[in-house]
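Colleague: Could you take a close look at one part of this model with me? I'd like to begin from a single side chain and follow its surroundings outwards.

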Amino acid sequence: MDGVSVGTVLALVGVLLGTTGTLVGQHMATRVEMRRDLQRRVETERAERKEVILTFLAAAQKVELVLDRRSLGLPASDEPEDQILHALWLAEKAVELVCLHEVAQAARRYTEALHQIVRGVAANGQEPTKRECRLAFVEAARSGLGSDRPQLRR
């Protein structure tokens with residue numbers, strides 16, 4: 001081979017190596033960006049679930065406050081019970097929309113228990129235990145948010 005042919009071959013090898021390096025680099029950058037995007041979406045979804053869970057717990061806490069005031073013989077709050085129950089059911093629906101099935105089911109049971117207690121209606125002649133329903137919901141919510149901490153005491 002003469003000098004021109006060797007130079008041409010080396011130039012082509014250089015172009016081939018450069019192209020291969022560029023393609024591999026772009027592929028790796030794309031994979032890294034896809035992982036980052038997935039992680040951002042997971043974090044965003046978790047934050048949304050957490051916000052909905054906290055909103056539900058705030059609504060449930062308002063109902064529990066009504067029940068506590070009632071059991072202590074204190075006057076009722078200014079907000080009517082119907083509005084407080086409505087807010088609780090609305091928050092429960094948001095949990096159904098955003099959270100895992102297990103969390104939604106636990107929220108439904110807790111909401112139904114609180115509703116029955118407020119209305120004075122007991123299922124099967126027994127008053128539902130709001131404490132058990134609340135703990136079941138909290139455990140389901142913790143699991144749904146990916147908590148690896150041990151279960152709460154019962």
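In which helix is E64 found, and which residues is E64 in contact with, leaving aside its neighbours within four places in sequence? I'd be glad if you could then walk me through the packing around those partners.

Modeller: Happy to! Please keep in mind throughout that this is a predicted model. E64 is found in helix 1, which covers residues 3–72. With a relative accessible area of 5%, E64 is buried, because buried here means under 20%. Once its neighbours within four places in sequence are set aside, its contacts are Y110, L114, K130 and R134.

Those four partners take us straight to a pair of helices. Y110 and L114 are in helix 3, and K130 and R134 are in helix 4, where they are among the residues through which the two helices meet. Two packed helices are described by the angle between their axes and the distance between the axes. For helix 3 (residues 101–119) and helix 4 (residues 130–144), the angle is about 160° and the axes lie 8 Å apart. Since angles over 145 degrees count as roughly antiparallel, helix 3 is roughly antiparallel to helix 4. The crossing of helix 3 past helix 4 is left-handed. By class, this contact has 12 nonpolar, one polar and four charged residues. On the helix 3 side it includes E102, V103, A106, A107 and I117, and on the helix 4 side C133, F137, A140 and G144 are among the residues involved.

Let's take helix 3 by itself. Helix 3 has 19 residues and reaches 27 Å from its first C-alpha to its last, close to the 27 Å expected at 1.5 Å a residue. Both helix 3 partners of E64, Y110 and L114, are buried, and the buried residues of this helix also include V103, A107, T111 and V118. After helix 3 comes G120, with a positive phi near 75°.

Helix 4 can be described in a similar way. Its 15 residues reach 21 Å between the first C-alpha and the last, close to the 21 Å expected at 1.5 Å a residue. Buried positions in helix 4 include C133, L135, F137, V138, E139, A140 and R142. G146 follows helix 4, and its phi is positive, near 85°.

Helix 3 also has helix 2 (residues 81–98) to deal with. The axes of helix 2 and helix 3 come within 9 Å and cross at roughly 170°. These two helices are therefore roughly antiparallel to each other. From helix 2, the contact is made by residues including L85, L88, W89, K93 and V95, and from helix 3 by residues including V103, A107, T111, L114 and V118. Its residues divide into nine nonpolar, two polar and eight charged. L114, a contact partner of E64, is listed in the contact of helix 3 with helix 4 and also in that of helix 2 with helix 3.

K93 is a good place to look within that second contact. K93 is found in helix 2 and counts as partly exposed at 37% relative accessibility. Its C-alpha is separated by 8.9 Å from that of A107, 14 residues away along the chain.

To finish, let's return to helix 1, the home of E64. G25 is also found in helix 1 and is partly exposed, at 36% relative accessibility. From G25 to L114 there are 89 residues in sequence and 58 Å in space, C-alpha to C-alpha. V6 is another residue of helix 1, and at 34% relative accessibility V6 counts as partly exposed. The C-alpha atoms of V6 and A59 are 53 residues apart along the chain and separated by 79 Å.

How values were computed:
Residues numbered from 1 in each chain as written. Predicted model: local features only at pLDDT ≥ 70, side-chain atom pairs only at ≥ 80, totals over all residues. Heavy atoms only, no water. Axes fitted to C-alpha atoms, helices over the stretch in contact; angles between N-to-C directions. Parallel < 35°, antiparallel > 145°, perpendicular 65-115°, else oblique. Left-handed = near helix turned anticlockwise from the far one by under 90°. Contact = heavy atoms within 4.5 Å. Nonpolar A, V, L, I, M, F, W, Y, C, P; charged D, E, K, R; others polar. Expected span 1.5 Å × (residues − 1). Buried < 20%, exposed > 50% of the residue type's maximum accessible area, 1.4 Å probe, protein only.
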